[in-house]
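Please find below a colleague's note, set out as numbered points to be read alongside the sequence and the coordinates.

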Amino acid sequence: MRTPALRLGATIATGLVVAAGVLAAAPATAAPVDAPAVAANGVVINEIESNADDTDWVELKNTATVAADVSGWSMLDDSDEHTRYVLPAGSVIAPGGYFVIDQLTSTAPGFDFGLGNPDQVRVFNASGALVLGHAYETHAAVTYGRCPDGLGALVDTTASTKGRANDCSSPVRINEVESQGGTPGDWVELTNTGTTTVDLAGYVFQDAEDDHAYTVPAGTTVAPGGFTVLDEADFGFGLGKADAARISTPAGVLADSTSWSEHAAVTIGRNPDGTGDFAPTSAATKGAANAFAGVVTAEPWPGGRDETVLDAEGTFSGDLSGLDWQSSSTAVGGGVLWGVQNGDGLLYRMVSDGKGGWAPSNATGTTLRYADGSGTPDAEGVTVTTDDPGAVYVSTERDNDRSSTSRPAVLRFATTDGSERTLRATDEWDLAGDFPGLGANAGLEGVTWVPDSWLTAQGFVDGATGAAYAPTRYPGHGEGLFFVGVEGTASVSAYALMADGSAARVAEIATPFSVVAEVQFDATLDALWVACDDACAGRTALFDVQDGVFTAASVYEAPAGAARDLANEGFVMSDVCTDGSRATFYADDNDTDGFSLRTGTFPCTEETEPGDGGTTPTPTPTPTPPPGDGTPTPTPTAGPGTGGATPTVPGAPAESALTAADRGGISAPATARVGETITVTVGREHAGERVAVYLYSSPVLLGTPVVGADGTAGVTIPAGTTLGAHRIAVVGADGALIGWAPITITAASGQQLAFTGAELASGAAAALLLLAAGGSLLVARRRRRTATATATVE
């Protein structure tokens, strides 16, 4: 179970403002806790981690000038049903020092509950009196910390600083640097790791020389997760072979810097964007997400933009987790869904009513027990197999009756329809020996079964031998391997589960995610899906076998219209293609708004059959006109999930609507040449949405691109554009103005300035940028027909 302790709430309700380059935020408060902000001995709650670290934790700081003894103090969340965690003897905080109260793991003591969303932190002294408290309504994007450290309100920080002074700095970071051969000239790309748009006016860019300083002009912004480029033509000096790049706030505080000893072959950039270390890139991606060899960049979801509720309100009580699809020739819609609920260890078999709703055929669920009839398996994932049609297999993290002890296992339960009130496991494969030190909350999440016939046909290599996978090496394991997603390692492991209860690990698959919530074999696409929950804003990854190894072929953002904070721990796809789409299903562990089961779509073709690898076409993306093609108004092309209809182009707002109050919201290059393709940062919150981009004074439609997963869209400055000052405006599909930014159009190579006749120095027109995250919507290619892992009910 991805407990509230380890979830990332992607939608942050806390309002942030950036003033004088220093991040400040509205306090993270919910219903107040009746406790002082500072204890009598000067101790304060200084930082709270509730979602994105390996464990939840609370940091105390001693603001006094003498040591504070907190031995015997205790900590609790908002539930009095939980057991208070008591700090051991000898717990002393030095003056100005920090003390971390951590969550329990298999190797270290701590509190045995998670910090939820919303929740409270309460601290009691040795006498049991409440001395400190804080409540919050939603998880922080990073952590909640006092800014200034130890003194200010608890706000969303820029970086997690467990046991150290809080990071209250600007979220502006240098993201990519071109120091030679750029188009045009050298440039530096900035990004924003925060949650609101930053006004860059007054920020100062410098290289290694203090007298080389460029003050960013008014009107320059960078959206959350977006990119803003400073060009050599603007800052007026070149970047040398051995040089540096520095960006400082208007107050003179260094926000970020990097240096190098020689020019990069291409550029240097952060991996991942905004937060990672600098490394040589594989391509210059000016104004877009960085590209690195062997790294797959997230693309927009190629199916429908929404996740629609399927269950009636209150059908599930929360904690619905893993899902699996089982084909059925008699079921409405061509199949049934199996699901498991982790908190109380329930198994559900869900069927369609044919009217857009789904509900369990076993309304209250089947209670799962271990083989001896005891315990409550923390059921996280579920799968069915073709070699054992009378059973379901369930992956677990622990026995919830002993919730602090890790018990990562796969359990077999004999059932065909889930009609039993209680089921005892017929078999258990305990994998704890393969994961020493694995936390009780960090075990097996998803599970799926992949047939041997498919693995051998793909040339799958056995990681234990380094040779081609030979099923006969694992006698008694059945006709396929079980792939389990491990939360604590953020990886997928393939196992042969033998009839005698032993297990052999055959492969280990690294993933691009911080959490693996679900894993599913897709016989139609000849691929393996790996899903993350709200810790990765609902991203999924598609793996295929390349040179014998499962390799990430595509990474997808959540559907554009779906909430990124849904705790979708379950993900599976129907094998039925209807009207060009397959149904996707999501299980929300949080039961958001009283609903746990949602559906979306993924593109397919009617002739696709389960197990044939599919002839799923690549959906047609919106074309971006090539530089200088002289086409100011491209014809929009229907994107995935639109049913083939040509989208309506939102009308251009009146020029009078482009007021100072609406300035910002987007960012664009300060200058561009005629024929140049530019990147406009719209914001990740608009990823997957189609927008209209206009150039003013007289509005000219530059294009109707779909915003990429990185929050950017590309358009081309058409031939014939009047040179000089203009404005770029972006309009949403609903016709609302998202924002605008100033831009100056300069002459292309050989073109003359209309009002002076002066000729610019020769230079090539800007090269087309690589399309990042969403430039192409790829679906797995057709392969030879192989066996399917989808069990069939007749």
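1. How much area does the chain expose, and what share of it do carbon and sulfur atoms supply? The exposed area comes to about 29,200 Å², of which carbon and sulfur atoms supply 52%. It should be kept in mind throughout that this is a predicted model.

2. On the overall make-up, the chain has 794 residues, 55% of which count as buried, and its secondary structure comprises 2 helices and 55 strands. Among the contacts with a separation of 6 or more, 61% are between residues 24 or more positions apart.

3. One open sheet consists of 4 strands in the order β7-β6-β10-β11, paired in the antiparallel sense. Its edges are taken by β7 (85-86) and β11 (130-136), and because each has a single partner strand, one side of each is left without a neighbour in the sheet. The pairing of β10 (residues 119-124) with β11 runs over 6 bridges, and within it Asp119 has Tyr136 as its bridge partner.

4. Strand β33 (residues 391-399) deserves a separate look, since 9 of its 9 residues are buried. It is joined by 5 bridges to the antiparallel strand β32 (residues 377-383), and by 7 bridges, again antiparallel, to β34 (residues 406-414). Thr396 appears in both pairings, as the bridge partner of Ala379 and as that of Ala409 in β34. Between β33 and β34, which form a hairpin, there are 6 residues.

5. The structure holds 26 aromatic pairs. In one of them, the rings of Phe316 and Tyr348 have centres 5.0 Å apart and planes at 90°, so this pair is edge-to-face. Because Phe316 lies in the loop between β26 (308-309) and β27 (320-328) while Tyr348 lies in strand β29 (residues 346-352), the pair ties together parts that are 32 residues apart in sequence. Both Phe316 and Tyr348 are buried.

6. A further pair is that of Trp454 and Phe550, whose ring centres are 6.0 Å apart and whose planes are at 25°, so it is stacked. Trp454 belongs to helix α2 (residues 452-457) and Phe550 to strand β44 (residues 549-556), so parts 96 residues apart in sequence are tied together. Trp454 is buried, with a relative accessible area of 0%, and Phe550 is buried at 6%. Ring pairs link these two residues into a cluster with Phe460, Tyr469, Tyr474, Phe483 and Phe521.

7. Finally, two contacts of arginine with aromatic rings may be inspected. The charged end of Arg407 sits over the ring of Tyr370, 3.7 Å from its centre, whereas Arg727 lies over the face of Trp740 at 5.2 Å from the ring centre.

Terms used
Residues are numbered from 1 along each chain as its sequence is written. This is a predicted model: local features need pLDDT of at least 70, side-chain atom pairs count only at pLDDT 80 or more; totals for chains, interfaces and linings use all residues. Side-chain values use heavy atoms; hydrogens and water are left out. Two strands pair if DSSP finds at least two bridges between them. Buried means under 20% relative accessible area, exposed over 50%, partly exposed in between (1.4 Å probe, protein chains only). Contact means heavy atoms within 4.5 Å. Accessible areas come from the Shrake-Rupley method with a 1.4 Å probe; for residues, only the protein chains shown count as cover. Rings of Phe, Tyr and Trp (its six-membered ring) pair if their centres lie within 6.5 Å; planes under 30 degrees apart count as stacked, over 60 as edge-to-face and the rest as tilted. A charge sits over a ring if NZ of Lys or CZ of Arg is within 6 Å of the ring centre and within 35 degrees of the ring normal.
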